[in-house]
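Here is a quick tour of a single protein chain, with a couple of backbone oddities along the way. Have the structure open while you read.

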Amino acid sequence: GRLARAAKDGLVSELKLVRAANLLPIPEGLVRELKRIANERLRARGALTVSTAILVDKSGSMELALEAGVALATLCGSVSKAPLYVWAFDEDAFEVRARGESYAHWEAAFADLKASGCTSIGAGVEALTRAGQRVEQLVLISDGQENTAPAFSEALRSYAERFGMPA
């Protein structure tokens, strides 16, 4: 019926399906089915073939960044054929690992993170460096308002040096 049509409808985005499943008072079985459809559709869109790091600002008042982090990690995680690393940061960095690639898995991985603390974008980049996680692209979800060291530009320069990349 309607669910099958929505699964094929190009106008109904995958993440809208998941948000609807989380917000509406619908039976758990239907929620699971909506999330399954969303994951299928994401995989059908193509593949992420370059190593990627997603850095998510969790400093004070960045609740929206955490929500965006869940959505982007779900999108990238479900289509990634290359390494994907996700870190949340305030003045320190915290690796975010999901037990699967679905929205529910990423939502659970982010569940304990609360928006608080100062902002050091460089902390996320330094965490990548310490962990030896070399990536071809870096996705940053932040308002960019750094107020604590290490600074993003300095950390990125050190990262590039460590992995022999142009700065």
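What follows covers the overall build first and then two spots in the backbone.

## The overall build

Keep in mind that this is a predicted model. The chain has 7 helices and 4 strands. Walk along from the N terminus and the elements come in the order α-α-α-β-α-β-β-α-α-β-α.

## Inside and outside

How much of the chain is buried? Of its 167 residues, 40% count as buried. The accessible surface adds up to about 9100 Å², and carbon and sulfur atoms make up 54% of that.

As for who touches whom, take the contacts with a separation of 6 or more: 78% of them are between residues 24 or more positions apart.

## Two backbone spots to look at

Most residues other than glycine have a negative phi, and most peptide bonds are trans. This chain has an exception of each kind, at S61 and at the bond between A149 and P150.

Start with S61, whose phi is near 65°, a positive value even though the residue isn't glycine. You'll find S61 in the loop that runs between β1 (52–57) and α4 (63–79). Is S61 buried or exposed? Its relative accessible area is 59%, and the cut-off for exposed is over 50%, so S61 is exposed.

Next, go to the peptide bond joining A149 and P150: it is cis, with omega at about 0°. P150 sits in a loop too, this one between β4 (137–141) and α7 (152–162).

Methods: Residues are numbered from 1 along each chain as its sequence is written. This is a predicted model: local features need pLDDT of at least 70, side-chain atom pairs count only at pLDDT 80 or more; totals for chains, interfaces and linings use all residues. Side-chain values use heavy atoms; hydrogens and water are left out. Helices (H or I, at least four residues) and strands (E, at least two) are DSSP runs, numbered from the N terminus. Buried means under 20% relative accessible area, exposed over 50%, partly exposed in between (1.4 Å probe, protein chains only). Contact means heavy atoms within 4.5 Å. Accessible areas come from the Shrake-Rupley method with a 1.4 Å probe; for residues, only the protein chains shown count as cover.
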